[in-house]
Structures are given as C-alpha cells and as structure tokens.
Amino acid sequence: MVTGGTVSAATPVSFGETVTGTLSTPGHIDSYSFVAGAGDRAFLRIFKWSGSSSIQVRVFAPDGTELILRSGGPEFTLDIVLPVTGTYTIQVADSYVIHTGTYQLFIQRTYNPSDATEFSYGEYQ
C-alpha cells in the first residue's frame, strides 16, 4: 500500500472513536482498520499534529485500492463515500517520511453516527 516506510499492523478503530498516534521514527507509517457498509459516508479528522512538516493520510478499500490521499497540517478533514462493504485501511505518515510527531485521528459515520447524543432543536448540550 505504501512504499518507503515501516508500516505498522492495522489497529482496529470504530466509528465515533478518537485515537492518538505517534510516528516515533522517520519513515514510520501507522495503520488503522475499520468496518463499513457500501454507501457509508466516513468523516475523518486529523488534528494536533506536532511534527515539523505536513502529515499524510491514505484510505484504502477492502481490495487494497487507494481511495484518497491527503496531505496537510496541522489539521484537516476528509469526507468519503465508501464504495463496498468490508474492512477499510487508513494509513498515517509524515508527508516527507523524515519527521516524527504525534497526532489524533477521529473517525465517524455521518449518518447513523456512533455514540451520538440526541437532543431537540433549540436545546443546548
């Protein structure tokens, strides 16, 4: 999926979860996996990037096809419609494969979200 770096085994994550990751050595790539259905819309947010350059996020379909690649920092979002049911992979790396740093990754399904708190229009939470 990614060349030129050390790829970690995928850590399972669920919709509604925020994970903190550390790119502890230059060239390290963190991997996460999540299960989604065909047509699910996933929202990913990368934030609190402490590295000195930009961070890169890639999302792969269950068959290994790269669906999206985005670099930036220290914070950005991705919104993607997932084409098939299965296990998807997210990879997080330093864009230049030479820096280290920490980050947080949030993932959520934008309809039928996990861990959502219901409240009425006009109500404050």
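**A chain of strands**

In this predicted model, strand S8 has side chains that alternate: Phe 76, Leu 78 and Ile 80 are buried and point to one face, while Thr 77, Asp 79 and Val 81 point to the other face and are not buried. Buried here means under 20% relative accessible area. In a regular strand the side chains alternate between the two faces of the sheet.

Strand S8 belongs to an open sheet of 4 strands, in the order S3-S10-S5-S8, with antiparallel pairing. At the edges stand strand S3 (17–23) and strand S8 (76–81); each has a single partner strand, so one side of each is left without a neighbour in the sheet. From one strand to the next, the twist averages 20°.

The partner of S8 in this order is S5. S5 and S8 run antiparallel and are joined by 6 bridges. Ala 42 stands opposite Ile 80 in S8, and Ile 80 is one of the buried side chains of that strand. S5 (residues 41–47) also pairs with S10 (residues 101–109), in the antiparallel sense and over 6 bridges. Here Phe 43 stands opposite Gln 108 in S10.

The protein chain as a whole has 10 strands and 0 helices, and its pattern along the sequence is β-β-β-β-β-β-β-β-β-β. Of its 125 residues, 42% are buried. Among contacts in the protein chain with a separation of 6 or more, 71% come from residues 24 or more positions apart. The accessible surface of the protein chain is about 6,800 Å², and carbon and sulfur atoms account for 51% of this surface.

Key:
Residues are numbered from 1 along each chain as its sequence is written. This is a predicted model: local features need pLDDT of at least 70, side-chain atom pairs count only at pLDDT 80 or more; totals for chains, interfaces and linings use all residues. Side-chain values use heavy atoms; hydrogens and water are left out. Two strands pair if DSSP finds at least two bridges between them. Helices (H or I, at least four residues) and strands (E, at least two) are DSSP runs, numbered from the N terminus. Axes are lines fitted to C-alpha atoms, for helices over the stretch in contact, and angles run from 0 to 180 degrees between N-to-C directions. Buried means under 20% relative accessible area, exposed over 50%, partly exposed in between (1.4 Å probe, protein chains only). Contact means heavy atoms within 4.5 Å. Accessible areas come from the Shrake-Rupley method with a 1.4 Å probe; for residues, only the protein chains shown count as cover.
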